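Me: Please take a close look at the salt bridges here. After that, set them beside the rest of the fold.

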Amino acid sequence: KKSSPLFGKKVLVTAGPTYEAIDPVRFIGNHSSGKMGFALADELARLGADVTLIAGPTTQKATQNLKRIDVVSAQQMYDACLSVFPETDITVMCAAVADYRPKQVATQKIKKQQSDLVLELEKTTDILASLGSAKKAHQILVGFALETNDEENYAKSKLEKKNLDLVVLNSLNDKGAGFRSDTNKITIFNKALERSVFEMKAKADVAKDICSAILKIAK
Ligand code: C5P
């Protein structure tokens, strides 16, 4: 509807984990369920946005009408994000992207050996940082931060280093927050480093709070 607050806005959301192959049957992954990213994509669509959701491996289903692109690895997520980003007005990077991947991917299943196995890992590309440096003045970029220690300082330095407009901090120190949980407890920092602290709530309601913060800075 034309009266919807995000009508006509092109929005990109990433969600879920990435899987980095070790061999044809094994991977390095993480505990991200995709719940927060899907809740955000649904809420942004409900607000009238034209949403593209780029999702890593997850069992989540979107309830709203949106464009979904499924990917597996950090490299695939990077490629998909780069092709969509130039056209977007608002981008929210909620995916838990692997920071490292196996340097060699074995073409056959690695056999059990007598000795220990050493895996060499190489860095993946930081998608959010790449988008941050490509960002145009009219584009809004929102990142997430999940830390186990000194979390507020890391969140603020992430905001500045990656050229973000908002950073959403979710702490693993709060019970019921973060991975797999249906609830989350967040703190949002804006560019002026002003802090908004929210109560623990259902991820659908957390998504509403994040969208309100986005609406405040969206023109
Ligand atoms: O620096 P850190 O990885 O903790 O930042 C987390 C934020 O960066 C999240 O928004 C996540 O989606 C994004 N990210 C990314 N690409 C990576 C690593 C993280 O987009 N390779």
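Reply: What follows takes the salt bridges one by one and then turns to the core, the ligand site, the surface and some loops.

The model is a predicted one, so local features are reported only at pLDDT of at least 70 and side-chain atom pairs only at pLDDT 80 or more, whereas totals for chains, interfaces and linings use all residues. Residues are numbered from 1 along each chain as its sequence is written, and side-chain values rest on heavy atoms, with hydrogens and water left out.

If a salt bridge is taken as a side-chain nitrogen of Lys or Arg within 4 Å of a carboxyl oxygen of Asp or Glu, the structure holds 13 of them. One of these joins the side chains of Lys35 and Asp182 at 3.0 Å, N to O. This pair links distant parts of the chain, 147 residues apart, with Lys35 in helix α1 (residues 35-46) and Asp182 in the loop between β10 (166-171) and β11 (183-184); helices (H or I, at least four residues) and strands (E, at least two) are DSSP runs numbered from the N terminus. On the scale used here, buried means under 20% relative accessible area, exposed means over 50%, and partly exposed lies in between, with a 1.4 Å probe and protein chains only. Lys35 is therefore classed as partly exposed at 22%, while Asp182, at 56%, is classed as exposed.

A second salt bridge brings together Glu120 and Lys103, whose side chains meet at 3.5 Å, N to O. Both residues lie in the loop between β7 (100-102) and β8, so the pair ties together parts that are 17 residues apart in sequence. Glu120 is exposed, with 51% relative accessible area, and Lys103 is partly exposed, with 41%.

The pair formed by Lys208 and Asp205, at 3.8 Å from N to O, is a local one: because the two residues are 3 apart in helix α5 (residues 203-217), about one helical turn separates them. Lys208 counts as partly exposed at 42%, as does Asp205 at 33%. Elsewhere, salt bridges that share partners join Lys135, Asp165 and Lys191 into one network.

Helices α1 and α5 also appear in the largest nonpolar core, since each is among the elements that supply at least two of its residues. A nonpolar core is a set of buried Ala, Val, Leu, Ile, Met, Phe, Trp, Tyr and Cys residues joined through side-chain atoms within 4.5 Å; this one has 34 residues, of which Leu40, Val51, Val92 and Ile210 touch the most other members. Helix α1 gives the most to the core, with 7 residues.

Around the ligand there are 14 residues, and Met93, Ala95, Phe144, Lys158 and Lys162 come nearest; a residue is counted when one of its heavy atoms lies within 4 Å of the molecule. Oxygen atoms of the ligand lie 2.6 Å from a backbone N or O atom of Ala95, 2.5 Å from a polar side-chain atom of Lys158 and 2.8 Å from an N or O atom in the side chain of Lys162. The protein covers 86% of the 450 Å² of accessible area that the ligand has on its own, an area computed by the Shrake-Rupley method with a 1.4 Å probe.

On the surface, Tyr100, Leu117, Leu119 and Leu121 make a nonpolar patch of about 370 Å². Patches consist of residues with over 30% relative accessible area and no salt bridge, like charges being joined within 9 Å and nonpolar side chains (Val, Leu, Ile, Met, Phe, Trp, Tyr) within 5 Å. Leu121 is in strand β8 (residues 121-123) and is partly exposed at 39%.

Two loop residues deserve a note on their backbone. Most residues other than glycine have a negative phi, yet phi of Asp150 is near 45°, and Leu193 has a positive phi of about 65°. Asp150 sits in the loop between β9 and α4 (151-161) and is partly exposed at 47%, while Leu193 lies in the loop between β12 and β13 (195-197) and is partly exposed at 32%.

Technical notes
A polar contact is a pair of N or O atoms within 3.5 Å; within protein, one must be able to donate a hydrogen and the other to accept it, and residues adjacent in sequence count only if both atoms are side-chain atoms.
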